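This briefing goes through selected features of one structure, grouped by topic. Please keep the sequence and the model open while reading.

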Amino acid sequence: MTTASRVSSPASNPPVLPVLPILAFWLAMGVIETIKGYVLWDWAGRPRSWSVSLLNNMPWWVLWALLTPVVFRVARRFRLTGPGWKSSVLAHGIIGLLLSAVHVAIAGAIYFRTNADFLLPDGRTMAQEIGIFFNMYVVLDLLTYAGVVGGFHAVEFYGRYRQGELLAAQLQTRMHEARLAMLRMELQPHFLFNALNAISGLVRRGDNEAAVTMLARLGTLLRRTLDGHGTQEARLGEELDLLEQYLAIERVRFGDRLDVTVEVEASLFDALVPTLVLQPIVENALRHGLARTPGAGTVRVCAERANGSLVLSVRDSGPGFAASQDGNHQGVGLSNTRARLEQLYGAAGRLDTGPAPGGGASVRITLPLHRQGATR
């Protein structure tokens with residue numbers, strides 16, 4: 001039995017800070033502003049070199065690249081969702097104004113230091129330059145701050161959306177695993193009870209030797225079945241071996257009346273099939289087919305490939321579906337097998353029933369042809 005892995009709640013994991021995309025975004029903005037400044041100075045008849053244009057524009061955006069993690073941290077602390085959003089808006093207003101003032105002051109100081117000799121000939125001081133920057137750009141900085149906060153929430157919502165998708169996929173997988181486990185557990189006691197009923201019938205008839213033989217073979221079969229507990233697929237060759245163990249038990253019950261033919265290509269022995277896929281189908285054929293037919297009866301088990309799929313078929317010479325007591329004898333064996341195929345393979349797994357050529361019933365299972373280690 002597999003141990004369930006821990007499923008994290010989307011809200012428990014804060015979004016990972018996308019450092020490289022943030023840096024690339026702000027550097028791209030700086031390059032765009034540099035090109036724009038270079039072109040505008042050239043059009044104004046006062047051309048400047050690329051290095052000067054870079055010094056004029058790039059520090060502004062590099063500073064925002066450095067401040068973005070700080071803004072993200074503030075946005076994580078004061079979220080704009082939930083009952084406290086009003087106080088968060090006030091906190092963002094105050095912090096945004098402070099960060100914008102710091103950003104403008106540093107950018108103004110850098111601009112003054114790198115351009116005082118040739119762009120600022122009027123003798124203004126650094127404090128005056130910072131004041132000019134504040135008057136011109138503080139509103140722009142506040143809007144930029146708001147955009148960064150919005151970017152944080154966008155990153156967070158996207159991260160929660162992806163984690164929600166992952167959680168949904170994990171829960172869906174758990175549901176399928178639980179459903180498959182339940183179907184398998186239903187099959188095992190179903191077969192066991194039928195076998196024990198057959199043994200009790202032998203005892204009532206006084207055929208003690210046959211009952212002892214059947215009990216020994218039942219023990220062998222159960223041991224092999226339980227050895228594979230928890231696995232949903234097995235090699236077709238292993239399933240055929242398991243089927244032979246089951247038929248050895250049924251031959252004690254039916255004697256010479258039972259004639260079973262198995263036709264399987266040797267190249268298909270290593271194909272993967274659902275565990276216990278053949279035994280309940282053959283059991284169904286014996287219980288509703290041969291057991292209700294006087295005299296000898298035949299069961300034919302085949303496996304073949306068809307258009308990239310594996311096709312398993314079981315035919316019996318009994319009265320057929322229409323003549324069975326319940327109309328179609330779709331008991332636990334067939335209904336559970338059909339449900340397991342749907343859970344394991346979706347639309348690629350199918351179980352079809354119908355009349356067999358020449359009389360009797362036919363069950364046909366179609367599933368993807370795949371082998372150990374292959375990708376389905």
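Which residue forms a salt bridge with aspartate 270, and how many Å apart are the closest N and O atoms? The partner is arginine 371, with the closest N and O atoms 2.8 Å apart. The model is predicted. Nine salt bridges and seven aromatic pairs are found in the structure.

**Salt bridges**

- Aspartate 270 lies in the loop between strand S2 (258–264) and strand S3 (272–274), and arginine 371 in the segment after strand S7 (361–368), so their salt bridge ties together parts that are 101 residues apart in sequence.
- Aspartate 270 is partly exposed, at 33% relative accessible area, and arginine 371 is partly exposed as well, at 25%.
- Arg79, Glu156 and Arg160 are joined into one network by salt bridges that share partners.
- Within helix H1, glutamate 33 and lysine 36 are three residues apart, about one turn of the helix.
- The side chains of glutamate 33 and lysine 36 form a salt bridge, with an N to O distance of 3.3 Å.
- Lysine 36 has a relative accessibility of 42%, which puts it in the partly exposed class.
- Another salt bridge joins the side chains of arginine 235 and glutamate 238, at 3.8 Å from N to O.
- Arginine 235 is partly exposed at 32% relative accessibility, and glutamate 238 is partly exposed at 38%.
- As background, side chains of opposite charge can pair when their charged atoms come close.

**Aromatic rings**

- Among the seven aromatic pairs in the whole structure, phenylalanine 25 and tryptophan 26 form an edge-to-face one, with 5.0 Å between centres and 70 degrees between the planes.
- Is tryptophan 26 buried or exposed? Tryptophan 26 has a relative accessibility of 6%; it counts as buried because the cut-off is under 20%.
- Phenylalanine 25, its partner in the pair, is partly exposed, with a relative accessible area of 46%.
- Tryptophan 60 and phenylalanine 133 make a tilted pair, 6.5 Å centre to centre and with 45 degrees between the planes.
- Tryptophan 60 is in helix H2 (residues 50–77) and phenylalanine 133 in helix H4 (residues 126–204), so this pair ties together parts that are 73 residues apart in sequence.
- Tryptophan 60 and phenylalanine 133 are both buried.
- A cluster linked by ring pairs takes in Phe25, Trp26, Trp61 and Trp64.
- Arginine 77 has its charged end over the ring of phenylalanine 78, at 4.8 Å from the ring centre.

**Nonpolar surface patch**

- Which residues form the nonpolar patch on the surface? They are Val31, Ile35, Val39, Leu40, Trp43 and Trp50, and together they have about 630 Å² of accessible area.
- Helix H1 (residues 19–43) makes the most contribution to the patch, giving five residues.
- Valine 39 is found in helix H1 and is partly exposed, with a relative accessible area of 30%.

**Helices H6 and H7**

- Helix H6 (residues 236–254) has 19 residues and should span 27 Å at 1.5 Å a residue; the end C-alpha atoms are 26 Å apart, which agrees.
- Glycine 255, just after H6, has a positive phi of about 65 degrees.
- Helix H7 (residues 279–288) is largely enclosed by the rest of the structure, because nine of its 10 residues are buried.
- The buried residues of H7 are Gln279, Pro280, Ile281, Val282, Glu283, Asn284, Ala285, Leu286 and His288.

**A positive phi outside glycine**

- Most residues other than glycine have a negative phi.
- Asparagine 307 is not a glycine, yet has a positive phi of about 55 degrees.
- Where does asparagine 307 lie? Asparagine 307 is in the loop between strand S4 (297–306) and strand S5 (309–316).
- Asparagine 307 has a relative accessible area of 81% and is exposed.

Key:
Residues numbered from 1 in each chain as written. Predicted model: local features only at pLDDT ≥ 70, side-chain atom pairs only at ≥ 80, totals over all residues. Heavy atoms only, no water. Helix = DSSP H or I, 4+ residues; strand = E, 2+ residues; numbered from the N terminus. Expected span 1.5 Å × (residues − 1). Patch = residues over 30% accessible without salt bridge, like charges linked within 9 Å, V, L, I, M, F, W, Y side chains within 5 Å. Areas by Shrake-Rupley, 256 points an atom, 1.4 Å probe, with all protein chains shown as cover. Salt bridge = Lys/Arg side-chain N within 4 Å of Asp/Glu carboxyl O. Buried < 20%, exposed > 50% of the residue type's maximum accessible area, 1.4 Å probe, protein only. Phe/Tyr/Trp six-rings, centres within 6.5 Å; stacked < 30°, edge-to-face > 60°. Lys NZ or Arg CZ within 6 Å of the ring centre and 35° of its normal.
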